[in-house]
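Reader: I should like to learn how to read the features of a protein model. Could you please guide me through one?

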Amino acid sequence: MDINRLTEKAQESLRAAQSEAIRRQHQQVDAEHLLAALIDQEGGLTRSILEKANVDVGLVRQRLESELSKIPKVTSATGADNLYITGRLNRLLVQAEDEAKKLKDDYVSVEH
């Protein structure tokens, strides 16, 4: 996936997910990190989309926190140099890119 094809908000979310993984001492960035970043993003669409779908965002955030706390912590002298995107998150990003192409959108956005 070409990160330059992501909108500013999508890039911001991905950076926030990476930061969250680093803060939590996780070695990999996964879909849960990204969803947490999307839900917490100020002025982002994810929270309003979930609310319009009658999803309890507080409950989703609570369950995300539970799942994120289960991920093993890894400490190393090199820190962020050893941060990886999981295969699962990579597939999700590729699917979002494919969805944008299907819709003939130039950029991959949060809603994809």
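Author: Let us begin with a term. A residue is called buried when its relative accessible area is under 20%, exposed when that value is over 50%, and partly exposed in between. Please keep in mind that this is a predicted model.

Reader: Is Arg88 buried, exposed or partly exposed?

Author: Arg88 has a relative accessible area of 38%, and therefore it is partly exposed. Gln95, at 56% relative accessibility, counts as exposed. Thr46, by contrast, is buried because its relative accessible area is 9%. Of the 112 residues of the protein, 33% count as buried.

Reader: What is the overall arrangement of helices and strands in the protein?

Author: The protein contains five helices and two strands. Along the sequence they follow the pattern α-β-α-α-α-β-α. The radius of gyration is 14 Å, close to the 13 Å that the globule rule gives for 112 residues, so the protein is as compact as a globular protein of that length. Taken along the principal axes, the C-alpha atoms fill a box of roughly 45 × 30 × 20 Å.

Reader: How should I read a single helix, and why is helix 2 described as largely enclosed?

Author: The general idea is that an α-helix has 3.6 residues a turn, so residues three or four places apart point the same way. In helix 2, eight of the ten residues are buried, so this helix is largely enclosed by the rest of the structure. Among the buried ones are His33, Leu34, Leu38 and Ile39.

Reader: Which elements do the buried residues of helix 2 pack against?

Author: They pack against helix 1, strand 1 (28-29), helix 3, helix 4 (57-70) and helix 5. Thr46 gives an example in helix 3, which spans residues 46-52. Leaving aside residues up to four places away in sequence, Thr46 touches Leu35, Leu38, Ile39 and Val110.

Reader: How are salt bridges to be read, and how many are there in the whole structure?

Author: The general idea is that side chains of opposite charge can pair when their charged atoms come close. A search of the whole structure finds ten salt bridges. In one of them, the side chains of Glu97 and Arg5 meet at 3.4 Å, N to O. This pair links distant parts of the chain, 92 residues apart: Glu97 is in helix 5 (residues 87-102), and Arg5 is in the segment before helix 1 (8-23). Glu97 is buried, with a relative accessible area of 10%, and Arg5 also counts as buried, at 18% relative accessibility.

Reader: What does Arg88 form with Glu32?

Author: Arg88 and Glu32 form a salt bridge, with their closest N and O atoms 2.4 Å apart. Arg88 lies in helix 5 and Glu32 in helix 2 (residues 31-40), so the pair ties together parts that are 56 residues apart in sequence. Unlike the partly exposed Arg88, Glu32 counts as buried, at 18% relative accessibility.

Reader: Which residues are linked in a network of salt bridges?

Author: The network links Glu20, Arg23, Arg24, Asp40, Arg61 and Glu65. Within it, Arg24 forms a salt bridge with Glu20, the closest N and O atoms being 2.5 Å apart. Arg24 is buried at 15% relative accessibility, and Glu20 is buried with a relative accessible area of 16%.

Reader: How many charged side chains are there in the protein?

Author: There are 16 positive and 19 negative side chains, and the centres of the two sets lie 3 Å apart.

Conventions
Residues are numbered from 1 along each chain as its sequence is written. This is a predicted model: local features need pLDDT of at least 70, side-chain atom pairs count only at pLDDT 80 or more; totals for chains, interfaces and linings use all residues. Side-chain values use heavy atoms; hydrogens and water are left out. Helices (H or I, at least four residues) and strands (E, at least two) are DSSP runs, numbered from the N terminus. Buried means under 20% relative accessible area, exposed over 50%, partly exposed in between (1.4 Å probe, protein chains only). Contact means heavy atoms within 4.5 Å. A salt bridge is a side-chain nitrogen of Lys or Arg within 4 Å of a carboxyl oxygen of Asp or Glu. The radius of gyration is taken over C-alpha atoms; the globule rule is 2.2 Å times the number of residues to the power 0.38. Lys and Arg count as positive and Asp and Glu as negative; His and the chain ends are not counted. The place of a charge is taken as NZ of Lys, CZ of Arg, CG of Asp or CD of Glu.
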